[in-house]
Amino acid sequence: MSHLEIKNLHVSIEEKEILKGLSLTVKQGEIHAIMGPNGTGKSTLAYTLMGHPNYKVTGGEIRFKDIDILELEPDERSRLGLFLAFQYPVAIPGVTVANFLRSALNSRRRVENPADKGIPIPEFRKMLKERMDMLKMDHNFAGRYLNDGFSGGEKKRAEILQLATLRPEIAILDETDSGLDIDALRIVSEGVNALAGPQLGVLVITHYQRLLNYIKPHFVHVMMDGRIVESGGPDLALHLEEHGYDWIREKIDEAV
Amino acid sequence: MQEKPKITVARSRRPDSSIKGFAFSHLDLPDSKNGLGSFRSSAWEEFTHQPFPSSSMEAWRRTDLRFFPSAEFGLPKENATHDLSPVPDELLKPLIGDRHAGQITLLPGSSHIELDQEVRRKGVIFTDLVTAEREHGDLLKSLIGTIVRPGDGKFAALASAMANSGIFLYVPKGLNLEWPLHSLMWGPGGNLAYFSHIVIFVADGASITYIHESASPDESQPSMHAGIVSIHVGQEARFRFVELQSWGRHIWNFSHERAQVNRGGNLDWIFGAVGSKLTKNFSDLDLVGEGALGRMSGFYFTDGNQHLDHDTQQNHLAPNTTSDLLFKGALKGKSRSVWQGMIYVAPGAQKTDGYQANRNLVLDDQARADSIPGLEILADDVRCTHGATVGKLEQEPLFYLKSRGIPQREAEKLVVEGFFDPIMQRIPLDGVRERFQKAIHVKLSDE
């Protein structure tokens, strides 16, 4: 079983420390939610896990499947089974969704076997259609340029389509609910739920509780000022919804 | 890393830009027993009077010829081809479908011509310049020098005078040719001067596709090419013309090209340029008849020390004419590209629709792209738009692609291919698209 283990992680952007000793373990099959006010470093955590070059790890470690991934390039992390659904997916003009997904799949195959000829086109098309149907996406979506001119909902669905195609072992969903109306939120959540199970561990990063009405976490963590400050079960999310974050702040202040 | 040897160059003199000596003279003008003699000698006369291009001329401001080694080029001898690199088979493959209606290979000092018998019987002339002069002298004489004139520039004059190599394509009225014609100019060898003159006449109502490629291997010594392409698209005629430039890295390449599109005619003009040391290319689209339409699509990719300068003109000389230009280029290494474009709308050319866009993707810090659009509009009821951009390979798209498991090099290739996709969409010819894709692949893999 794959583990993602984050230990005492310190991360800076342009000399400013954002993560200040964050520890968390996510196992395959588990759904974790990280909640917290804006500006506490949630997205920094997401980008750091995926290896964005602007985020500098100054201390601590990230191990995935017992491998120190800090030295790995983002593509190596991805091929190892890590996935990040972006809060702001990037447009790649001129590259179709289908072409992109095929390249991503073939990159995986080539690492296993350098002589691989790539996934056969009919097999790929069939697979892609199935996944698009699951997410109630029009088939002509495959021929559109990736995230180019997509609506907010289309972008998030495209992220989940990638999740469904690449089949990672641990997926980080960074504010996947932002910019979604209720219908889109339901479709995206249903997609995640359909994929969740013993083979997939999920780390949901969200500002709002509402996403957790659709994706039920096993564990809920509260993040503040670059650390996990409170962890609990699903009821912690409900408590936060009702009482906000102030009581946690007070608790921290008392402890100090 | 090995230290680079230090080279000290003592420059005793700065090459003079006004006088350029060539190793040939009017005595070297091709024999013209049957027709083009007076055209050539008057072009030579023009050549001697034209000033040598210098950076003080607007068209040459960004392309420096001070170190153009004009005196080092000799003319290829007859049948010189036997001593030089042969044509790679790959360049002779059909680029559209699986066959040609005709194919001409222009070699140093000789040529090879094939034309389908049926096509010949229908009245199509597709032959080299020497044969055209011999067999269709009067027709050729009446057409040559009327669209691109020797007075258009120093190299236009020189090519008009000296070109013995070239193509004459004549498509008779109303003829619709299903299969494309293909020609290749192969210019191997160093210290050589190549000249070419292509004369194309697509008569009223005719329709045809023609691909011409200029190519050579890389050589250690410099060579030059000066060429002319003149195109007549008749009334209601349709002409698709693909030009591929894959000269070796040693070639100084100059060309003057102009297409005249008559009433209701349609020209689809496609350029692909990946070769040469330096290129200065003038491509003018003259929409001379009402309702004429011209589309120009350019693909270029430079690397190393290459310098490619494309100078385009979209001249709307009649009402209701439409032009649509898109040039896209990527640059690597220390290479440089220049695109300088002008849409001109003549007085009275109302209801004109002109568009021009140039997009550049600079892949290395030391590469540089200059993009200079221009409009000159002398009519009041027109629609003209233009755009020019120079961008870099950005980090965020690459990170996004890599986060999906795609390695850096592959991610870069996807972004570059994506960048060129709008050009590929304009080229409904699989073989040509594949050539461009292959060029992208080769250029990106070369270190």
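Domain bounds here come from an automatic or database domain assignment. For chain A, that assignment gives domain 1 (3-89 + 168-255) and domain 2 (91-149). This is a predicted model: local features need pLDDT of at least 70, side-chain atom pairs count only at pLDDT 80 or more, and totals for chains, interfaces and linings use all residues. Residues are numbered from 1 along each chain as its sequence is written, while chains are lettered from A and ligands numbered from 1 in the order in which they are written.

**Domains of chain A**

The centres of domain 1 of chain A and domain 2 of chain A, taken over C-alpha atoms, are separated by 26 Å. Six residues of domain 1 of chain A are in contact with seven residues of domain 2 of chain A, two residues being in contact if their C-beta atoms, placed from the backbone, lie within 7 Å. On the side of domain 1 of chain A that touches domain 2 of chain A, the elements that give two or more residues are α2 (74-80) and α6 (182-195) of chain A. Helices (H or I, at least four residues) and strands (E, at least two) are DSSP runs, numbered from the N terminus. The largest share of that side of domain 1, three residues, comes from α6(A). By class, the residues of this side divide into three nonpolar, one polar and two charged. In this classification Ala, Val, Leu, Ile, Met, Phe, Trp, Tyr, Cys and Pro count as nonpolar, Asp, Glu, Lys and Arg as charged, and the others, Gly among them, as polar.

**Sheets**

Chain A has an open sheet of six strands in the order β6-β9-β10-β3-β11-β12, with mixed pairing. Two strands pair if DSSP finds at least two bridges between them. The edge strands of this sheet are β6 (82-85) and β12 (227-232) of chain A, each of which pairs on one side only. From one strand to the next, the twist averages 20°. Axes are lines fitted to C-alpha atoms, for helices over the stretch in contact, and angles run from 0 to 180 degrees between N-to-C directions. Within this sheet, β9 (residues 170-174) and β10 (residues 201-206) of chain A pair in the parallel sense over five bridges, and A:Leu173 stands opposite A:Val204 in β10(A).

Chain B has an open sheet of ten strands, also with a stated order: β2-β1-β5-β7-β9-β11-β13-β15-β17-β20, with mixed pairing. Its edge strands are β2 (110-115) and β20 (382-392) of chain B. Neighbouring strands of this sheet are turned by 5° against each other on average, direction ignored. Strands β7 (residues 207-215) and β9 (residues 238-246) of chain B pair in the parallel sense over nine bridges; there, B:Ala215 stands opposite B:Ser246 in β9(B).

Helices that lie across these sheets are listed below.

| Helix | Strands crossed | Angle and reference strand |
|---|---|---|
| α5(A) | β6 and β9 of chain A | about 165° to β6(A) |
| α7(B) (408-425) | β13, β15 and β17 of chain B | about 165° to β15(B) |
| α8(B) (430-445) | β9, β11 and β13 of chain B | about 25° to β13(B) |

**Helix pairs**

Two packed helices are described by the angle between their axes and the distance between the axes. In chain A, α4 (residues 121-134) and α5 (residues 152-166) pack at an angle of about 135°, with their axes 10 Å apart. The two helices are therefore oblique to each other. Angles under 35 degrees count as roughly parallel, over 145 as roughly antiparallel, 65 to 115 as roughly perpendicular and the rest as oblique. The contact is made by A:Leu128, A:Arg131, A:Met132 and A:Met134 of α4(A) and A:Leu161, A:Ala164 and A:Thr165 of α5(A). By class, this contact has five nonpolar, one polar and one charged residues.

In chain B, the axes of α1 (residues 37-49) and α5 (residues 154-162) come within 8 Å and cross at roughly 150°, so α1(B) and α5(B) are roughly antiparallel to each other. Residues B:Arg40, B:Ala43, B:Trp44, B:Glu46 and B:Phe47 in α1(B) meet B:Lys154, B:Ala157, B:Leu158, B:Ser160 and B:Ala161 in α5(B). This contact has six nonpolar, one polar and three charged residues.

**Contact between the chains**

The contact takes 22 residues from chain A and 21 residues from chain B. On the chain A side, α2, β7 (92-96), α3 (97-112) and α5 each supply at least two residues. The largest share of that side, five residues, comes from α3(A).
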